[in-house]
Amino acid sequence: MTLHTSQFEGGSALSSFRIQQLLPGLQAIADKVSGVAARFVHLVTSDTQPNPTLKAQLAALLAYGEPYAGPTDGPLIVVTPRFGTVSPWASKATDIAHNCGLAVRRVERAVEYRFTL
């Protein structure tokens, strides 16, 4: 059986307060860093290719928090749970998707960090 993975962009993963905390530490490591931003990216695994209705339902379910307004280019670091593990967030999100009647195997969340140099 082939599993299908779909990607859904999420909202901002860092508040302005958190950015103010992180930036000095990053600049101490690499003085060329002038800014940092992060957004959530959701990965949804299902048995079949999601139809447009399921995609719309998943997009609505995974739309939360402040919208991401940071850069979409520049140096990128992606942080995900360890391979072969199920994060507590994924466990709960998958349960919620199932309770909503959505035919998915798993919902996982990653974080994309973008740096301004």
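Trainee: Which helix has 12 residues, and what should it span at 1.5 Å a residue?

Mentor: In this predicted model, the helix is α3, residues 88-99. At 1.5 Å a residue, its 12 residues should span 16 Å, and the end C-alpha atoms are 17 Å apart, which agrees.

Trainee: Where do the buried residues of α3 fall when one looks down its axis?

Mentor: They fall within an arc of 100°, so they line one face of the helix. The residues concerned are A90, A93, T94 and A97.

Trainee: Which exposed residues does the face of α3 turned away from the buried side carry?

Mentor: That face carries P88, K92 and N99. As for the covering of the buried residues of α3, it includes α2 (52-61) and β4. After α3 comes G101, with a positive phi near 80°.

Trainee: What pattern does the chain follow along the sequence?

Mentor: The order is β-α-β-α-β-α-β, with three helices and four strands in the chain. The C-alpha trace spans about 45 × 30 × 25 Å along its principal axes.

Trainee: How does one read the contacts by sequence separation, and what percentage comes from residues 24 or more positions apart?

Mentor: One takes the contacts in the chain with a separation of 6 or more; residues 24 or more positions apart account for 81% of them. Buried residues, for their part, make up 32% of the 117 residues.

Trainee: Let us turn to a single loop residue. Is L14 buried or exposed?

Mentor: L14 lies in the loop between β1 (4-12) and α1 (16-29). Its relative accessible area is 11%, under the 20% cut-off, so L14 is buried.

Trainee: Which residues does L14 touch, not counting those up to four places away in sequence?

Mentor: L14 touches I19, L22, V36, A37, A38 and Y113. The C-alpha atom of L14 is separated by 15 Å from that of L76, 62 residues apart along the chain.

Trainee: How is empty space found, and how much of it lies in the largest pocket?

Mentor: The general idea is to roll a probe the size of a water molecule over the atoms, which shows where empty space is left. Here, the largest pocket holds about 230 Å³ of space.

Trainee: Which residues line the largest pocket?

Mentor: The lining consists of T5, L43, T45, T80, P81, R82, F83, G84, T85, R106 and E108. By class, three are nonpolar, five polar and three charged. Both β2 (35-46) and β4 (106-116) supply at least two residues each to this lining. The strand β4 is also included in what covers the buried residues of α3.

How values were computed: Residues are numbered from 1 along each chain as its sequence is written. This is a predicted model: local features need pLDDT of at least 70, side-chain atom pairs count only at pLDDT 80 or more; totals for chains, interfaces and linings use all residues. Side-chain values use heavy atoms; hydrogens and water are left out. On a 1 Å grid over the protein atoms alone, a cavity is a set of points where a 1.4 Å probe fits but cannot get out, and a pocket is an open set with protein on both sides within 12 Å along at least five of seven lines; lining residues have an atom within 4 Å of a point. Grid points are joined across faces, edges and corners, and a volume is the space filled by probe spheres set on the points. Ala, Val, Leu, Ile, Met, Phe, Trp, Tyr, Cys and Pro count as nonpolar, Asp, Glu, Lys and Arg as charged, and the others, Gly among them, as polar. The expected span of a helix is 1.5 Å times one less than its number of residues. Buried means under 20% relative accessible area, exposed over 50%, partly exposed in between (1.4 Å probe, protein chains only). The arc is that of the directions from the helix axis to the C-beta atoms. Contact means heavy atoms within 4.5 Å.
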